[in-house]
Amino acid sequence: VTYDDVIVGAGSAGCVLAARLSEDPARRVLLLEAGPDPGPDPPALRDGAAPVLGGGYAWRLAAGQRGRTVPYYAGRVVGGSSAINGTMAIPGTPADFDGWGFPEWTWERVRPAFEGLAMPVRQGTRPAAGTVEAAFLLGCAALGLDGGPVPTTTSRGRRVSAATAYLDGARERPNLGIRADAPVARVLLEGGRAAGVELAGGGRVAARRVTLSAGAIFTPAILLRSGVDLPGVGAHLTDHPAVVVWAVPRPGVHRPGEPWHQALATTASTPGGPADLQLNLLAHVDAGQVPQLGGALAGPAIAVSAMLLAPASRGHVRLAAADPLADPVVELELAAEPSDVRRLAEGVRLAWSVLRFPVLGRQVARVLAWTDAVIESDEALERAVRAFVSPTWHPAGTARMGDVVDQCLRVLGVDGLHVVDASVLPSLPSAPPNLTCLMLAERAAAWMARA
Ligand SMILES: Cc1cc2nc3c(=O)[nH]c(=O)nc-3n(C[C@H](O)[C@H](O)[C@H](O)COP(=O)(O)OP(=O)(O)OC[C@H]3O[C@@H](n4cnc5c(N)ncnc54)[C@H](O)[C@@H]3O)c2cc1C
C-alpha cells in the first residue's frame with residue numbers, strides 16, 4: 001500500500017496533522033511514533049500538575065552544555081512532548097511572529113489559527129490571598145513586573161495533550177493508521193522526491209508525501225540520515241535558558257498535588273519594549289521529582305526561575321553514529337553569548353529579590369546555594385549563571401524556515417517532503433512553545449489538505 005501521507009512523530013505537531021489530514025476519508029494517512037501508544041486519554045499521563053519525566057514516556061538525552069552534561073528531555077509517546085510537559089499554555093506575542101519576517105507567518109495570519117485550536121486552555125485564576133502564589137505576585141508587582149496566573153492545557157484538573165485534543169477523536173477512522181514503537185530511520189528519496197520511509201527495525205513504507213514531525217532534536221537527525229544535509233540542518237538550536245533559585249518552604253506552604261506552575265511574571269529590558277525575561281514560580285514541588293537537584297534537597301521545594309525569552313545563543317544537533325537508534329549529539333551552548341549571561345544575571349537578581357520580598361520571604365525557610373555575596377558581585381553572579389544555567393526543553397530552530405524549508409514548510413530541493421514541528425521556527429516565541437507548535441501544524445495541515 002502507498003499512503004498519501006506518512007507523518008513521522010506523533011507529538012504536538014504530528015497529532016494535529018494526522019487528525020486534520022485524515023478528515024478527508026479518501027486520504028490514507030499513517031502516523032509513525034518511536035515511543036509507545038498508551039491509548040486514548042491514558043491515566044498515567046493525566047496528571048497535569050507537573051511534567052512527567054519518568055514512566056518510560058520521555059527521551060532522556062545527555063546534552064552537552066559548555067563542558068558539562070545536562071539531562072535533556074522530550075516526549076517519547078503518542079502525544080509527544082505535550083503529553084509530558086509543564087502544561088503552560090501561552091501563545092507568543094504579535095511582535096514574535098511579525099519579527100520572523102515571513103509574509104505567511106505575520107501575527108495577522110497566525111492569530112486565527114491560535115484562536116481556532118482544538119486544544120482547551122484553562123485560564124488561570126487569581127490566587128487566594130495568603131498563598132505562596134499571591135505572595136509571589138505581590139513581590140513581582142513591587143518590583144514593577146507584570147504578573148498573573150498561568151493558563152494551562154488542562155481540563156478539570158487533567159492534562160490535555162495533543163493526542164487527547166486531536167487524535168483521540170480520529171482514532172477510529174479507517175483511513176488513519178497509528179503505528180507506535182516504530183522509530184523511523186530515514187526518508188527514502190527517489191529522483192529528488194520523497195518516496196516513503198525506512199523503519200529502524202527494517203521494513204519500508206511507501207508514501208506520496210512524507211512529513212517529519214519528530215521534534216527539533218530528532219527531525220534534523222532524520223534529515224541527516226536521509227542525506228538531506230542543507231546548511232542549517234541541525235544548526236541554530238535554540239532553547240529558553242533558565243536559572244532556577246531553589247528554596248525550602250516553611251511548614252504549611254506546600255500543598256501536595258497542586259500544580260507547580262500557577263503564577264508567572266514578565267519584564268522587558270527597555271521600558272515599553274518586548275518582554276525578554278519571565279519569572280516562573282514553581283511551588284508544591286517534591287524535590288524527589290527534580291532529578292536536576294541531584295539530591296541536594298529532600299521534601300517540599302519551591303523555586304523562582306528566571307527564563308530568557310529571546311536568547312542570542314545557539315547550539316546544534318549532529319549525528320553521533322549511523323545507527324538510527326543512537327541518540328544524536330546535542331550541544332546546547334546556553335548562555336554562550338555574553339548578552340544572555342548579563343540578562344540572566346539580572347533575572348537571578350530579580351528572582352532573589354522576589355524570594356526575599358517580605359510577603360514571600362515569610363513563607364520561605366531558606367534559599368539554597370545563592371548568597372548575598374554572589375548576588376551583589378557582577379563577576380561572581382555571572383560565573384554562577386554560567387555554572388547553573390539549564391535548558392527548559394523548548395528546542396527549536398534546527399531546520400529553520402528560509403534555510404531548510406520554505407515558508408510553506410516544504411524541504412528545499414526535495415519534492416514531497418515537509419517538516420512541521422518546532423525545528424522550523426526561525427526563533428522561539430517569547431513564551432513556552434507548545435501552542436505555537438499546534439498553531440504551526442494547523443496552518444500546515446490546511447495547506448497540505450489543499451495541495
Ligand atoms: C519536560 C518538558 C516541559 C515542557 N513544558 C512546556 C510548557 O509548560 N508549555 C509549553 O508550551 N511547552 C512546554 N514544553 C515544550 C513543548 O511541549 C514542545 O515545544 C512541543 O511539544 C514540541 O512539539 P513538536 O511537535 O515539535 O515535538 P514533540 O511534541 O516533541 O514530538 C515529537 C515526537 O516525535 C517522536 N519521534 C522522535 N524521533 C522519531 C523517529 N525517529 N521516528 C518516529 N517518531 C519519532 C517523539 O517520540 C515524539 O513523540 C515542554 C517540553 C518538555 C520536554
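Me: Starting with my notes: a polar contact is a pair of N or O atoms within 3.5 Å; within protein, one must be able to donate a hydrogen and the other to accept it, and residues adjacent in sequence count only if both atoms are side-chain atoms. How far is an oxygen atom of the ligand from a polar backbone atom of Val77?

Reply: That distance is 3.3 Å. This is a predicted model, so local features need pLDDT of at least 70 and side-chain atom pairs count only at pLDDT 80 or more, while totals for chains, interfaces and linings use all residues. Residues are numbered from 1 along each chain as its sequence is written, and side-chain values use heavy atoms, with hydrogens and water left out.

Me: Which other backbone atoms does the ligand meet?

Reply: A polar backbone atom of Asn434 is 2.8 Å from a ligand oxygen, and a backbone N or O atom of Ala13 lies 3.0 Å from one. The ligand on its own exposes 1000 Å², and the protein buries 96% of that (areas by the Shrake-Rupley method with a 1.4 Å probe; for residues, only the protein chains shown count as cover).

Me: How many residues surround the ligand?

Reply: There are 38, going by a heavy atom within 4 Å. The closest are Ser12, Glu33, Ser81, Met88 and Asn434. The shell divides into 21 nonpolar, 14 polar and three charged residues. Here Ala, Val, Leu, Ile, Met, Phe, Trp, Tyr, Cys and Pro are nonpolar, Asp, Glu, Lys and Arg are charged, and the others, Gly among them, are polar.

Me: Which helices and strands supply at least two of those shell residues?

Reply: H1 (12–21), H6 (215–225) and H11 (434–450) are the helices, and E4 (68–75) is the strand. Those are DSSP runs numbered from the N terminus: helices are H or I with at least four residues, strands are E with at least two.

Me: Switching topic: what's in the largest nonpolar core?

Reply: It has 75 residues, and Trp105 and Leu417 have the most contacts inside it. H11 gives the most to this core, with 10 residues. Apart from it lies another core, of 53 residues, among them Trp352 and Ile375. A core is a set of buried Ala, Val, Leu, Ile, Met, Phe, Trp, Tyr and Cys residues joined through side-chain atoms within 4.5 Å.

Me: And what does "buried" mean?

Reply: Under 20% relative accessible area; exposed is over 50%, and partly exposed is in between (1.4 Å probe, protein chains only).

Me: Cool. Is Arg171 buried or exposed?

Reply: Buried, because its relative accessible area is 18%. Arg171 sits in the loop between helix H5 (162–167) and strand E8 (176–179), and a 2.9 Å polar contact joins its side chain to that of Asp168. Leaving out residues up to four places away in sequence, Arg171 touches Asp37, Gly39, Pro40, Val78 and Ile178, where contact means heavy atoms within 4.5 Å.

Me: What about Asn175 in that loop?

Reply: Asn175 is buried too, at 8%. A polar atom of its side chain lies 3.1 Å from the backbone oxygen of Ser22.

Me: Last one: which residue has a positive phi of about 40 degrees?

Reply: Asp41, and it's not a glycine. Most residues other than glycine have a negative phi. Asp41 is in the loop between E2 (29–32) and E3 (58–65), and counts as partly exposed because its relative accessibility is 22%. Asp181 also has a positive phi, near 50 degrees, and Asp181 counts as exposed at 55%.
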